[in-house]
Amino acid sequence: AYVIADPCIDVKDGDCTVACPVDCIYEGGRMFYIHPGECINCGLCLSVCPVDAISWDEEIPQHRVHFKAVNHDFFGPG
Ligand code: SF4
Ligand code: F3S
């Protein structure tokens with residue numbers, strides 16, 4: 001799945017949610033999160049984010065790897 005990281009915090013541009021064909025990007029507090037089970041890996045959100053906050057989960061920069069868990073945990077167990 002794709003993952004949103006720290007550049008989204010307090011920016012929350014929201015264009016990613018418009019681009020997403022399956023509406024799997026959710027707002028929560030200071031940033032948005034991608035539901036790892038609902039994301040179909042289309043990559044359409046990647047290029048529209050003005051602050052480059054979104055990464056494919058196998059290519060996340062090292063300093064942002066923990067955001068994979070942050071996105072996952074936002075949606076809770078199951
Ligand atoms: Fe939505 Fe596609 Fe981005 Fe996944 S990769 S969050 S399905 S736009
Ligand atoms: Fe955040 Fe970028 Fe989407 S700033 S809300 S990940 S377009």
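Four salt bridges turn up when the whole structure, a predicted model, is searched. Let's walk through three of the pairs, beginning with an arginine and an aspartate.

R64 and D6 meet through their side chains, with 3.5 Å from N to O. Where do these two sit? R64 belongs to the loop between β4 (54-56) and α2 (67-74), while D6 is in the loop between β1 (2-4) and α1 (15-19), so this salt bridge ties together parts that lie 58 residues apart in sequence. The two partners also sit in different surroundings: R64 is buried, at a relative accessible area of 14%, whereas D6 is partly exposed, at 32%.

Now stay with the loop between β1 and α1, because D10 lies there too, and its partner R30 comes from the loop between β2 (25-28) and β3 (31-34). D10 and R30 form a salt bridge whose closest N and O atoms are 2.6 Å apart. Here the parts being tied together are 20 residues apart in sequence. How open to the outside is this pair, buried or exposed? D10 is exposed, with a relative accessible area of 52%, and R30 is exposed as well, also with 52%.

The loop between β1 and α1 has another part to play, this time through K12. The K12 side chain meets that of E27 in a salt bridge, at 2.8 Å from N to O. E27 lies in strand β2, so this pair ties the loop to a strand, joining parts 15 residues apart in sequence. As for K12, its relative accessible area is 25%, which makes K12 partly exposed.

How values were computed
Residues are numbered from 1 along each chain as its sequence is written. Chains are lettered from A and ligands numbered from 1 in the order in which they are written. This is a predicted model: local features need pLDDT of at least 70, side-chain atom pairs count only at pLDDT 80 or more; totals for chains, interfaces and linings use all residues. Side-chain values use heavy atoms; hydrogens and water are left out. Helices (H or I, at least four residues) and strands (E, at least two) are DSSP runs, numbered from the N terminus. Buried means under 20% relative accessible area, exposed over 50%, partly exposed in between (1.4 Å probe, protein chains only).
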